[in-house]
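Q: Here is a chain to question term by term. Each label should be tied to its cut-off.

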Amino acid sequence: MDQARSTITKIFNGEPHSYTRFNLTQSMEGDNSHVEMKLSSDMDEEVGGNGVGIHLNHNSKHKSHMISKLGRTSKNLCFMVAKILLIFLIGYLIGYLVHRKKDLAYSCEEASTQGYDEPFIPDTGAAPIMAWNDVKNAFAQKLTSSNFQTAFRDFSKVNHRAGSPGDDALADKIIKTFKKYGLKTWSDEHFIKVQDRPRSGFNKIIFKNSTEEHPEGFLSYSANGNVEGAVLYAHYGRESDFRLLQNLNINMSRRIMLIRAGKLSFAEKVANAAKMNASAVLIYRDVDFPSEGTTQLFGHVHLGSGDPYTPGFPSFNHTQFPPAESSGLPSILAQTLTESQATRILRQLEGENAPKVWGVFHKLGSERDVISVEVKNVLSERKINNVFGVIEGFVDADRYVVIGAQRDAWGPGFAASTVGTGVLVEMARSISDMLKKDGFKPRRSIVFASWSAGEYGSIGATEWLEGYLSSLNMKAFAYINLDGIVTGHNGFKVAGSPMMHSLIERTLKEVGLQNNAVSLFSRFGKDNWESNVLEPLKMDNAAYPFTAFTGIPSLSFRFTSDDLDYPYFGTLLDTQEKLISVTSNQYLQLAEAAAKFGGYIVLRLVHDHLLQMDLSEYDNIIRSNVAQLSLKINNVQRLHPNLVPTSVQWLISASGSYSRASRDLMKDIQNSDLNDVEMCRIYNDRIMSVERNLLSAYVSARESPYRHILLGSGPHTLEALSDYLDGVKVDSPKAYVDHFRNQFALATWTIQGCANALVGDMWSFDNEI
């Protein structure tokens with residue numbers, strides 16, 4: 001209407017005998033209306049240079065003059081009436097179109113200020129029209145214990161090791177099920193290298209010239225060979241355990257480390273032992289776990305994820321890359337023992353008593369406790385298939401959340417893979433049913449993924465990430481991991497990106513247990529939910545490469561028992577009966593609760609107009625790391641001023657830039673008067689850029705795949721910088737000092753670059769942050 005009023009004013013206030021032309025363009029449902037007007041108060045100008053007198057009798061001059069005057073008067077009056085009617089019509093059309101546009105384009109401001117639980121979402125024919133409570137209730141009503149029991153039965157197999165016929169059969173069944181539910185499906189295949197135990201022969205150990213033993217379990221990607229040395233008990237093989245042994249002045253060079261399973265991944269235990277110059281590692285399950293003494297143990301010792309023989313690039317189509325190996329492959333031997341085999345060795349150990357803080361009552365081992373270990377695993381190539389089903393979004397179909405579960409296992413793998421696969425399929429069925437029967441329209445797409453080769457180090461998922469890295473980290477905005485989600489009933493743990501912490505807290509309050517009598521939050525998270533529920537996202541978690549390698553916020557969760565590891569992972573005893581025993585026969589109810597927890601997070605991320613990601617958590621983490629580094633640098637400077645940068649002001653400035661940029665973005669989202677949905681898409685893209693821009697751009701994805709400076713692994717991380725300051729020495733080589741200074745500068749600029757990405761437009765950098 002303002003535009004109409006302005007146009008009318010210009011017309012009536014114009015000079016007489018003026019010629020006015022203007023264009024009026026208004027967008028309505030993609031069409032342009034174009035209006036052109038010519039206005040004149042002079043009849044001669046309207047008809048051109050001929051004039052009306054050319055058609056009249058020259059002998060009737062006076063009469064012609066009177067007729068001409070009367071004609072002009074009546075025609076002027078008609079023109080005036082026509083002009084008024086036309087102006088009124090134009091004004092009405094302008095007002096209608098403007099009002100119609102406002103009705104169609106609901107605003108980000110309304111969506112963000114109406115409250116988290118009930119965002120303003122009018123019916124536009126494309127946007128989700130269901131209120132959040134209706135979405136949540138519709139999903140919950142479709143999940144039943146009987147459906148989970150059927151799914152677990154349908155997707156259970158005794159033998160479905162990666163690349164086996166059983167694994168392929170499961171993949172075919174899953175993709176047919178996805179198609180049945182109306183999902184668009186596809187699969188991709190990879191040719192990977194894995195290590196298996198010897199096809200003929202066996203690995204062996206001999207302790208103190210006793211009987212030769214042949215364990216059936218093995219650790220894939222171990223170094224091969226035959227070594228002999230003295231046994232040394234090293235508890236859980238943590239860095240703190242090895243430091244304690246160092247403090248006791250125990251020689252660890254060339255020793256055979258005997259280590260308990262638990263606390264750390266097998267790969268981390270072997271890597272820590274290799275740093276002590278050990279020659280081999282033997283790993284066993286302890287009596288802390290209710291496992292049988294003869295249970296064989298399986299696993300891998302690659303300190304990383306994906307195929308270690310194609311580091312940083314995908315294993316597609318037998319592609320011949322130059323010979324390469326992951327830096328995470330161990331250089332020493334590694335083998336598993338049964339509990340009874342380890343117990344026989346422990347009882348015969350000599351030497352000093354184990355430290356009291358370890359809570360064990362046996363010797364550490366002496367130079368006389370000699371054992372020989374022979375490992376001759378076989379490297380072979382296998383074809384694996386990842387299977388996908390997608391529910392496309394109705395607004396931002398090219399933005400998607402991925403939810404996945406591994407399909408393979410060493411044996412039955414009921415808790416390791418069957419439960420997660422069953423929950424994945426049931427979630428796909430339920431959400432698909434919501435579209436068909438409840439009118440649910442997700443704004444963004446949902447990708448359901450069934451991975452293979454998870455037991456060898458999340459190979460299927462990582463190879464997929466490596467194959468599509470350039471597009472995934474721009475369009476996939478979250479990953480939800482369903483591996484091992486039910487392993488107990490007394491606890492609940494969540495590991496994930498700090499950006500998802502607020503969403504985790506809200507979801508804990510929405511998911512109920514015991515027929516909704518109590519929420520997950522009140523059951524496990526009261527008093528201090530962060531300390532009770534949150535745990536670090538570790539390298540052996542399938543969600544880890546999504547965040548640390550690709551820069552996609554990820555989440556993993558599980559029901560546990562008293563914070564203990566599930567004792568049957570990596571064994572042939574991971575059966576339905578064992579899970580029933582560990583969960584006191586509550587596994588179906590717990591699977592339903594786990595499906596709700598994962599499903600609510602997925603649905604919230606594809607339902608809301610704005611992504612529910614919290615930028616303030618990274619602000620707190622960055623500030624904490626910067627404060628710690630600043631304190632350590634100042635302390636070292638006082639003693640050795642040439643070993644560290646002369647100032648930390650640049651790092652502090654970068655931290656402040658991120659803080660201001662994140663606050664300003666959230667303020668813009670809350671306060672902006674926006675009528676364009678596309679603007680909210682831009683805001684979402686800026687939020688998605690945070691995790692991606694915390695990946696260091698200055699290290700090779702092949703040499704240091706986990707490039708995240710806060711959650712990753714390698715010399716580029718802030719943790720590595722802190723460790724350097726803890727161990728700095730006066731006689732540090734200059735090259736080492738220069739390396740630290742370079743890493744310090746690059747980490748600083750990574751934080752500053754993340755802040756710049758949050759601001760958005762490059763011309764706003766200086767003014768905004």
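A: Buried means under 20% relative accessible area, exposed over 50%, and partly exposed in between, with a 1.4 Å probe and protein chains only. The model is predicted: local features need pLDDT of at least 70, side-chain atom pairs count only at pLDDT 80 or more, and totals for chains, interfaces and linings use all residues. Residues are numbered from 1 along each chain as its sequence is written, and side-chain values use heavy atoms, without hydrogens and water.

Q: What makes α9 a helix, and which of its residues are buried?
A: Helices are DSSP runs of H or I with at least four residues, numbered from the N terminus. Helix α9 spans residues 266-275. Its buried residues are F266, A267, K269, V270, N272 and A273.

Q: What do the buried residues of α9 pack against?
A: They pack against β5 (218-220), α8 (239-247), β7 (256-260), β8 (280-284), β9 (298-300) and β10 (333-337). Strands are DSSP runs of E with at least two residues.

Q: Where is D307, and which residues does D307 touch?
A: D307 sits in the loop between β9 and β10. Leaving out residues up to four places away in sequence, D307 touches F191, I192, K193, S315, I459 and E463. Contact means heavy atoms within 4.5 Å.

Q: Why is D307 said to have no salt bridge?
A: A salt bridge needs a side-chain nitrogen of Lys or Arg within 4 Å of a carboxyl oxygen of Asp or Glu. K193, the nearest side chain of opposite charge, is 7.1 Å from D307, so the cut-off is not met. D307 is buried all the same.

Q: What makes the D307 and Y309 pair a polar contact?
A: A polar contact is a pair of N or O atoms within 3.5 Å; within protein, one must be able to donate a hydrogen and the other to accept it, and residues adjacent in sequence count only if both atoms are side-chain atoms. The side chain of D307 reaches the backbone nitrogen of Y309 at 2.9 Å.

Methods
Lys, Arg positive; Asp, Glu negative; His and termini not counted.
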